[in-house]
Every structure is written in structure tokens, then in C-alpha cells.
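Here's a quick walk through how this chain is put together, from strand pairings to cores. Have the viewer open as you read.

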Amino acid sequence: MDRLSDQAASTRMLETMAHNLLSALARASVPTSTNPAPTPILTPSPITTSAPTPSSTASHASRINNALKRQFPGMYSGGAVNKGKARFKTPDKPHRVTDLPVFVLPGPTTMTPKGSKELELAHAGLGKKVVLVPESAKHSEIVSLMEGEFTKLRALMGRWMFFKATGGSGQRKLSIIPIDSDGYSGRQLRVASNNGKNVLYLVPLQEELETEPLPFSSPEFSKMPKVLCNKCLETVPLQMLTLHSENCQTTQEQTDKIIIDDNDDEDDEGDSDADVDCTVEKGVCPICQLEFPATELPHHANICAERSSNTEEHMDPNLPSTSSLNTTPPLPAQTTEGWKTAAPSKAVRIFMEGLRREADHQQPLQLTLNAGDTDEERDGTLISFYKQRRETCQWAADFRCSILVGVGVMRNTLSTAISKLTRGFKKNMGNAGVTTIFEGQREHLVPNLSATILECDLFAMAGRMVGHSAIHGGPSLSGLSPTFIDALICGTKDIVTSKLCLEDCPEIEVRDTISLLLKEEWTDEESVRVANLCTEWYFPVPTKETNRLLLFQQLLSHAVLGRANAQIKQFRKGIKETGIWPLLTARPDVLPLLFPREKDVELTPQMVLKLISWPEASADSDESEDEMSASKITLISGFFRTFVEEASSDVLKDLTKFWTGWELPMQRLTLQIVKSRGRHHLPTASTCYERLRVPDHYKSGSELKSDLQQCLQSVETGFGLI
């Protein structure tokens, strides 16, 4: 301290001496008129001097000041010197700005999005962007910055928070960034993002943001660089070009589509001879003699032949409902609103017919399957097809499969998709070789609680499968728990717990533990089991005063519905995307038709026998039958009748699926006895025409039964792959 005080005293002394010296020099440089200059003594004659002029005086003082400035630049500035330490004004420091990478998620979640969804979210105006956030920004300013970059956040009105991801790769868990008492600040976000090196995830707390793709002219894409697509010649943001190329059509394809649409409009107006474009190759259907594009003709011919073969028969009202696509003529446009007041079965038929009519202008949905694929590859193809999000009207469009052309292939594909939901896909998504979407016992199926299935959006996929099959008159998802169906339509908050039963809980150990609450006395081991379950699920541990019946209902409700809340929402979302949700909510009485009980869709031998058109020896439609005796036809028919009479419901479903493509009985099932090509000649089926051909070489019913059982194994692989 003494040393510092001595330095300060020395500095002040030097400053005082310098100022005194300057003052003395200034006074000496300006002589007064009353004091003439003295004459030197050695000079013989005096020298007279005149008073200096003002200009010379000023120049002399200026030279002195300039010399002092050069010698003391920090102390002398030509005027009054400001004393103290802060003698010089420091420049203002610029505000620090952080390039903050922000990823906006569409709804509440605890996981980062998959890499495949990043482009889809970006196309919806969400996803990842870099936002410039000043370090001095307050919470309200940060909210304004985020809403300026992501316009969809304005609807949330600030109901969101920032999260950060844990280390690793792939999908990771999110952890919340705690908010200060006065909200987020720019400095807090800079530190949380490690100076902008880590991505922060903006997660809505309550609402779900729309993820529909935005047009490329939206303000969200205004800052993105634009390029020209070389196929459709449309200006597309560079980041969206990969996603755009998947659904892009060339200019020639768009022109052809316009030409075809124009021709269709002219045909509807009755002027089919005017302005018909000759570049579209057409052919004539051999059945109805109408012209169709060459690419559409094979598919139309199958449908046309099927309709012509079914017009003479009528459906038995006691049988389960069949496909409205194949048995019901198109309804007039004015009757499409009749589903609101019609009987349940008719309401379903009218509503689905209306959806298909609205999708007439849509391109057909094409599923690419290969008959030589393995079971895992085929299941993977089905999963990929139904995981794709499409417009609502596209699910009602014409559905085709590349493996073969025909309605029977479509039936088999829909039937396989629905059966996989309960039997399981042969895809390993955990520790099992088969992944089931719904599990549990018969008539009490509930969603699988696997987190992997939920994260892969497989429940949304299941909802699309159910809706797609219903639109085209296909099989329904049967055997679901009634409580789950009520929760699906009404929401879990409106469910009465008395509807629940222990059979709805698929986990045997959990079910047994919950059932202990119905006992009056517990052993020590049972008490520990109940206490552990309550602790795990954050319920109060029961005591002597606890209402055990109420706790039983609470635990059972949480086991069946509480833990499956996210699965139910995702399944509901998938159904809504197909367009059948208005029917389910407006007409609850149709739920037993779309989600029937297992016992309601069982087939009996009497149902199947009543639909069979048996061969006759005098038939002229098949030359092979003319060469057979009536006794042989009667013998083979008797063997087949015995097989049907002894078959169980599951075997009859497989037989019907082998016969027609799916397990729903049709208006007529045609049986033909054909000439055998050898003892290895197995029965075959034409699913598009509901025709089963049985060779005539069988000598006993056991031989026919053995070959039929071998044929029915192909219903899982499809079309001759035994």
C-alpha cells in the first residue's frame, strides 16, 4: 500500500511541476509595453526593439503547445486536463449473438425424432433451424424470435419448453432445460447449447402441431435457397428436393394425366366422340365391350368377370357380411347421406361406397410384393406400405398388388394384413422373433405395451390397416377388449371402471397381484407383492383402512388403460387418417360390425355348405366333367362334403381364404371336379372367380383331406407357395 501511495504522490508532483512550467513559459513569451527590452552592456550603441505583433505572439505560443504535445501526449491536450483514472472514453462493446440450432417437435414426447422424419417435419414448417439469439435476450424476446422462425408456434401462445438430448446416436431421450424464475434468457440458452454446438429441442407441452406438408411458397421456406426440379420444372427449396422427388411427376406424365382427365369429363357429358386424344392406348373389355386404357384393362376384366358371375346369386342374410366391392352395385350420389339413419350394416355399406366414389379421381394404390420373398421380407413390405402417411382420399382409391393382377390378390393382401395384427409380424423388434401389435387372451385383446412398437408408429400403421380393409369391404379386426373399444371411441376419461375385468390385463403376474385385493386376508408374501406394485405405479400402499375395492379398480384401470394411453391415441390417429372416423363417432351401433367378437365371425359347416355350387355330371361348362362318370363326381363331392362337415371354424376360414382370397364367405363358392394330371396334382383355386378345382384321382376321403390341409398352409404365403 505504501508503494502505491508513493507512486500516486510522485505522479501528482510531476503534473504540478509541468503545469507550473507551462504557465511560466506562457507569461514569459508575451512582454508588456511598459517594460522595454534591456540593452546589452557590451554593445556600444543601444539597440531598440519594437513590441511583437499579435500574429507572431500567437505563432510562438502555438509552437510551444505543439512541442509540449509531442513530449507529453497523455498529459497535455491544449486545454483543461481531466484528472482521475478514467481519462479516456472506452468504446461500447457489441452485444454477443449465439447461432442457436433449434429443432421443433410436433407434440409432447420424451424421445428425439427418427432421422427419417426430419425432412417430413421440415416440409411441415417444423424441424431444425438456426435462430440468432442475443445473449441479453429475455424470455418474451426469445418467444418472439421462435414464433418468427416457426409460425406454427404462435398457436401455442408460449406453451412450450426447451429440451436437450442425452449423448449417443439414433433416437435418444430428452431431458428438460430448467427455466429460471424470470423465464429463459439468451445467456442460459447459450450455455445449454454449448455456444451453439448442441441442438435444443422445442417441445409443446399440451397441444399437437399440424404436420401436413406446406406449399413451397409458404413463408417458412422464404429464406431457403431455391432450385428447379428437372422433372416437373417446379421451383423447390433445396432442402426439400429429395422429399419432392419421391412424389414428383414429369411434365409428360402431367400432360398425359390432363389429357385423360379431359377425356373422362367429355365422356361424362355425353360427347365421347369429340377431342379424344389418340396418344393414350386403349383396349376393349371382352365381357362388357367397353373401352379402357391398356394399363387398366387387365384389372377391369377381372372385376367385370367376377361381377357377371355373381349377379344370379343372392346372399343369405344369416351369414356374415361380405365385400361391398364385389357384391354391391354403386349407390346413387343422392343416397350417400343415408348412412346417418340407415340400419347398421346398410350404413356401413353406404358410407364406404361414398368414400370410394370420392376417390375415383385418385391414382391406384400399388403394393409391390414378390412371390419369392421370405416371410420377414413380405412382412417388412406390408409394414413399409402402411407406415406411409397419405391423404385421406387415397386410402379409398383402387388397391392393387404387383404380385398378380386381380381382386383375389387384393382380398388376400387385406386379409393377411389384418391377421398379422394379432398373429404377429415376423420382424424382430425386441427379444422375440414375432412382433404382435395386440396381445392377450381371446375376446380381450389389448395393445402391446412395448416402447419399441410405439416409437416405430406401428399402432398408427395398425389403424390404417383397419380403416383400409373396412373401406374395401375386407375382414375386420376381431377379438378386441370391449373396454379398449370404448376407450378408443370415447376416450379413457369417460370409461366406467366397472366395465373392466381381470381378463383385460395380458400380464399374468400383474393380474394375479391385482386380484389379491379381492381377498380378505393376505400372507406376508402377498402383502409385499401388492405393496411393490403400488409403489411402482405411484399408488398408496394399502393399509387396514384402505378401500380395497376402489384400489382394485384403480390398479386395474391403470394396468389396462393408463399404461396404454399413448398406444390408444396413436391407433385412433391411424384410423382417422383413412376417413372412417365420422362413421364410428356418429354411429356407435356399427362398432360390433367393424370390431366384432370372435364368436360373431366364426364359420360353421352349414354356412359354407349352403354357399357351395356343386358340380353335376350333365354340366356343359367344363369339358373335363363330360369325360367323367356321375359316380366319380358324386364320390369326390362326397369326400369334400365330409371334409367341410368335420372342419373347425379356423379350418373353414383357411379354406374360404384359399378359395376366395379372404375368410369372408362370398355369394357363391363354385366347386369343380377336373381331370387329374397325376397323383401329385393338388387342388387349386381361382380366387377372383371363387372357384375351387379338385382333381378326380382320390380314392378315399383321407387322401383328399391330407392334400387340402397341405394346400391351406399356403394361405399364409399366398398363391401356390406351399
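## Three strands late in the chain

Start with threonine 670, which stands opposite arginine 691 in β17. This is a predicted model, so take the pairings below as features of a prediction. The two strands involved are β15 (residues 669-674) and β17 (residues 691-695); they run parallel and are joined by five bridges.

Arginine 691 turns up again on the β16 side: it's the bridge partner of serine 686. Here the sense is antiparallel, with three bridges between β16 (residues 684-686) and β17. Four residues separate β16 and β17 in a hairpin, and glutamate 690, in the turn, has a positive phi of about 50°.

## A five-stranded sheet

Now scroll back to an open sheet of five strands, ordered β2-β1-β5-β3-β4, with mixed pairing. At its edges sit β2 (127-134) and β4 (174-176), each of which pairs on one side only. On average, neighbouring strands here are turned by 40° against each other, ignoring direction.

Inside the sheet, β3 (residues 160-165) and β5 (residues 200-204) run antiparallel, with five bridges between them. One pair to click on is phenylalanine 163 and its bridge partner in β5, tyrosine 201. Helix α4 (residues 139-149) lies across β1 (97-104), β2, β3 and β5, and runs at about 140° to β2.

## Two helices that cross

How do α11 and α14 pack, and at what angle? Helix α11 (residues 375-387) meets α14 at about 85°, and the axes are 9 Å apart. Angles of 65 to 115 degrees count as roughly perpendicular, so that's how α11 sits relative to α14.

On the α11 side, the contact uses Leu382, Ile383, Tyr386 and Lys387; on the α14 side, Leu458, Met461, Arg464, Met465 and His468. By type, the residues of this contact are six nonpolar, one polar and two charged.

## The nonpolar cores

The largest nonpolar core has 112 residues, and those touching the most other members are Tyr386, Leu421, Phe438, Ile514, Phe571, Phe595 and Phe640. Helix α14 (residues 458-471) gives this core its largest share, eight residues. Another core, of 30 residues, lies apart from it and includes Val102, Phe103, Phe150 and Leu200.

For a close-up, try phenylalanine 571. Leaving out residues up to four places away in sequence, phenylalanine 571 touches Phe438, Phe459, Ala460, Ala462, Gly463, Val466, Leu477, Phe484 and Leu488.

How values were computed:
Residues are numbered from 1 along each chain as its sequence is written. This is a predicted model: local features need pLDDT of at least 70, side-chain atom pairs count only at pLDDT 80 or more; totals for chains, interfaces and linings use all residues. Side-chain values use heavy atoms; hydrogens and water are left out. A nonpolar core is a set of buried Ala, Val, Leu, Ile, Met, Phe, Trp, Tyr and Cys residues joined through side-chain atoms within 4.5 Å. Buried means under 20% relative accessible area, exposed over 50%, partly exposed in between (1.4 Å probe, protein chains only). Contact means heavy atoms within 4.5 Å. Two strands pair if DSSP finds at least two bridges between them. Axes are lines fitted to C-alpha atoms, for helices over the stretch in contact, and angles run from 0 to 180 degrees between N-to-C directions. Angles under 35 degrees count as roughly parallel, over 145 as roughly antiparallel, 65 to 115 as roughly perpendicular and the rest as oblique. Ala, Val, Leu, Ile, Met, Phe, Trp, Tyr, Cys and Pro count as nonpolar, Asp, Glu, Lys and Arg as charged, and the others, Gly among them, as polar.
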